[in-house]
Structures are given as structure tokens and as C-alpha cells.
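Visitor: I should like to take a close look at a single part of this model. Please describe one strand and its surroundings in detail, and then place it beside other sites in the chain.

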Amino acid sequence: MAYILAIESSCDDTSAAVLNNDTLLSNLIASQKVHQMYGGVVPELASRAHLQNIVPVVDTALRSAGIGLSDLSAVAFTRGPGLLGSLLVGVSFAKALALSLDIPIIEVNHLEAHVLSHFIRTPEYYHAPDFPFLCLLVSGGHTQILQVESPSSFTTIGNTIDDAAGECIDKAAKIMGLPYPGGPVIDRMAKEGNPDAFKIARPRIPGLNFSFSGLKTSFLYMIRDYLKENPAFIDENVNDLCASVQKSIIESLLDKFMQASRQTGIRQLAIAGGVSANSLLRSRLEEEGKRHRCEVFIPPFSFTTDNAAMVGMAGFFKYKEGIFSDLSTAPYARSK
Ligand code: KG4
Ligand code: ZN
């Protein structure tokens, strides 16, 4: 019986979670509001906010799990990829705490953690895929299709050649003057809009790779042209613009994901990462899954954007195998 404390600090959310084996006991997330006024994450401000947040967040996660420091079996942490200054806070904290408690540390890859979030057990919810399954991992920094053979075997079979889907959504929001992060705002406004009001170029690249920079540029130019004729164009059409750009991005994600299923013959399809919170992606994947007789795995909202519960889950898989890290472990910014 293991109690794992997990820490996630790769970007702009400070999160701590406690798991008892694969069962989630607590999952605390302190979001950093400081970035909103800049329209994106400012790395230096993010690491400072992590420093302020980490102790209270860990303390609250332990209290709400109803356990004390001496009950912990190991500390799992995100080693990368992410912002170095942000990762450094979580990594250093995990090492120092584990050293003082004389328990092992477990490094976790942030992207693998997003994928493994499907195995978290809660009293209300458990719906985990069997291996192998395909995972569409869509976040602010990544857009990939992964073939997952086991908790430690991930093959990237599709990847973006330029922007990530979340990055594209955030930039589209910025073009329209909407706040950061744009994903939740566009999702909400799109519900009131007509997704076929504006034709936005869909990426057409061969194979399982994605490209979003052309879509973003055509959105920008389209708005610029309309604004020349009508300075109030964005205000008057914002819901339709949100619905149209969202449809274009989500349908191109789904096209490739269903193509990957056909190519590999794998019919268990999971989504993960911040963009998997998108309501259109969730409902369209359900539809496509039914149509193609695939089983779909859609995570609860709390496990879509960055959270420490998923880090704890990935950590528990390693804990079971006795895979620990040593205290010389340093964070890394990019996937390796
Ligand atoms: O996984 P995540 O929290 O952080 C990264 O690892 O990048 O993903 C953040 C991304 C942002 O681009 C945000 O706009 C997007 O997820 N996002 C959404 C929604 N909620 C968050 N995109 C579309 N619809 C949403 N409901
Ligand atoms: Zn993430």
C-alpha cells in the first residue's frame, strides 16, 4: 500500500496531489492569475508564483487527503518538458522533501502523465483503456497521436510540424482580443455561434502529422480584411468567429485521429491534455467513436488541464516497478 505525493509545476499551475496506489485522495491546483494581463505565460513570473504557492498547496493536498508527511511512500514530480524555471521549483521541492523523509523520488514525463491520467481511480469515476490504445494528446505545447503499448511504452505516430492545437486556439483568441487562456473562452462563446459562418482554411498535410500555422494565418488575414470594411466586425461576429475557428481546429484533429485508428487497427481511443476539455472535441469524438465502432475514453475535466493527479498516477506505475530517480536529477525543458 503506497501513498504517493505528486507535484506538477511545468507551466503556470502549481499542483499537488496524493494517491493511495491508483486511487486519488486529493488534487489541488493553484492557478496563476498574474499572466492574464500579459496574454500569455511569463516564465519569470511563473517560477516566482510557484515558489509562493508550493508549500501551501502541498500542505492543503496532504490535509485534504487526511494523511501526514510520515505516511508518504514516495514523492513523484514532473521533470519535463516545460518551463525550466517553473520545473526547477517542483523538482527542488520534491528532492528536498524526499531527502528529509528518507523516501524515494520518482521523475515523471509531463506528456506521459497526461496520457496516463486515464488510469486514475476516483470514488465516482474509473474508465481506463486496455493496452494498446491510441491517445490524442492536445495541449498548449503539444499535439501528438501516441500509440501506447504499456505504461512505459509510447510511440509518437503523429505530431504537429508547427504550432500546437492549444497554442493555435490561444492565438486565435488573442487576435480577437479575448483573454488568455483562449481555449475555455472560445469553447463557451462558440456555443452561441454558427460554426459554418466563416470558412477557415483546414490544414491539408499528408500522413498523421498536423499543421496549424496556416490556419492561424488565414484567420488573422480574414479578420484583418473584414476589419478594413467594418471596425466593429469582431464585436458583431465574435460568437460565429469562435465557432468557426473551433470547428476548423477540432475537425482537423479528429480527421487525423480517426485516420490513425484505421491505419493501426486500434479501436480504443483516448484524448488527453488541456484541449481535451473542449466540448466540441468531446462530443464529436463520441460520435465518431460510435460511427466507427471504437471505444472512446474522455477524461473528467479536472484531469484535462495540468494537474498533479496525473503525475501521481504515472509515478505509481513506476513505483510498482521500483523505478526511482536519484538526487542529481535535473529538469529538462524539451522532450528527449
Ligand atoms: O495541458 P495544458 O493545461 O497545459 C499544457 O501542458 O500546455 O493545456 C493548456 C491548453 C491551453 O492552450 C488552453 O487554451 C487549452 O489547453 N484549453 C482548451 C480548453 N480548456 C483549456 N482548449 C479548448 N477548449 C477548452 N475548453
Ligand atoms: Zn500539460
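Guide: In this predicted model, strand β2 pairs with strand β3, residues 23–31, in the antiparallel sense, and eight bridges join the two. Within this pairing, Val18 stands opposite Ser26 of β3. The connection between β2 and β3 is a hairpin with two residues between the strands. Asn21, in that turn, has a positive phi of about 55°.

β2 also pairs with strand β1, residues 3–8, again in the antiparallel sense, here over six bridges. Tyr3 has Asn20 of β2 as its bridge partner. β1 and β2 likewise form a hairpin, with four residues between them.

β2 itself spans residues 13–20 and is mostly covered, eight of its eight residues being buried. In a regular strand, side chains alternate between the two faces of the sheet. In β2, Asp13, Ser15, Ala17 and Leu19 point one way, whereas Thr14, Ala16, Val18 and Asn20 point the other way. The residues of both sets are all buried. Val18, the residue opposite Ser26, and Asn20, the bridge partner of Tyr3, both belong to the second set.

Beyond β3, the chain enters the loop between β3 and α1 (43–65), where Val34 lies. Val34 counts as partly exposed because its relative accessible area is 34%, a value between the limits of 20% for buried and 50% for exposed. Together with Met37 and Tyr38, Val34 forms a nonpolar patch on the surface, and the accessible area of the three is about 330 Å².

Elsewhere in the chain there is a metal site. The zinc ion (ligand 2) has His110 (NE2), His114 (NE2) and Asp306 (OD) as its protein donors, at 2.0 to 2.1 Å. Their spacing along the chain is H-x3-H-x191-D. The pair His114 and Asp306 links distant parts of the chain, 192 residues apart: His114 is in helix α3 (residues 110–116), and Asp306 is in the loop between β10 (295–297) and α9 (308–321). His114 counts as buried because its relative accessibility is 0%. Asp306, at a relative accessible area of 15%, is buried as well.

Helix α5, residues 182–190, offers a further view of burial. Its buried residues are Gly182, Val185, Ile186, Asp187 and Ala190. The elements that cover them include α4 (165–175), α7 (233–264) and α8 (279–291).

Technical notes:
Residues are numbered from 1 along each chain as its sequence is written. Chains are lettered from A and ligands numbered from 1 in the order in which they are written. This is a predicted model: local features need pLDDT of at least 70, side-chain atom pairs count only at pLDDT 80 or more; totals for chains, interfaces and linings use all residues. Side-chain values use heavy atoms; hydrogens and water are left out. Buried means under 20% relative accessible area, exposed over 50%, partly exposed in between (1.4 Å probe, protein chains only). Two strands pair if DSSP finds at least two bridges between them. Contact means heavy atoms within 4.5 Å. Donors are N, O and S atoms within 2.8 Å of the metal (3.2 Å for Na, K and Ca); water is not among the atoms, so sites may look incomplete. Patches are made of residues with over 30% relative accessible area and no salt bridge: like charges are joined within 9 Å, nonpolar side chains (Val, Leu, Ile, Met, Phe, Trp, Tyr) within 5 Å. Accessible areas come from the Shrake-Rupley method with a 1.4 Å probe; for residues, only the protein chains shown count as cover. A salt bridge is a side-chain nitrogen of Lys or Arg within 4 Å of a carboxyl oxygen of Asp or Glu.
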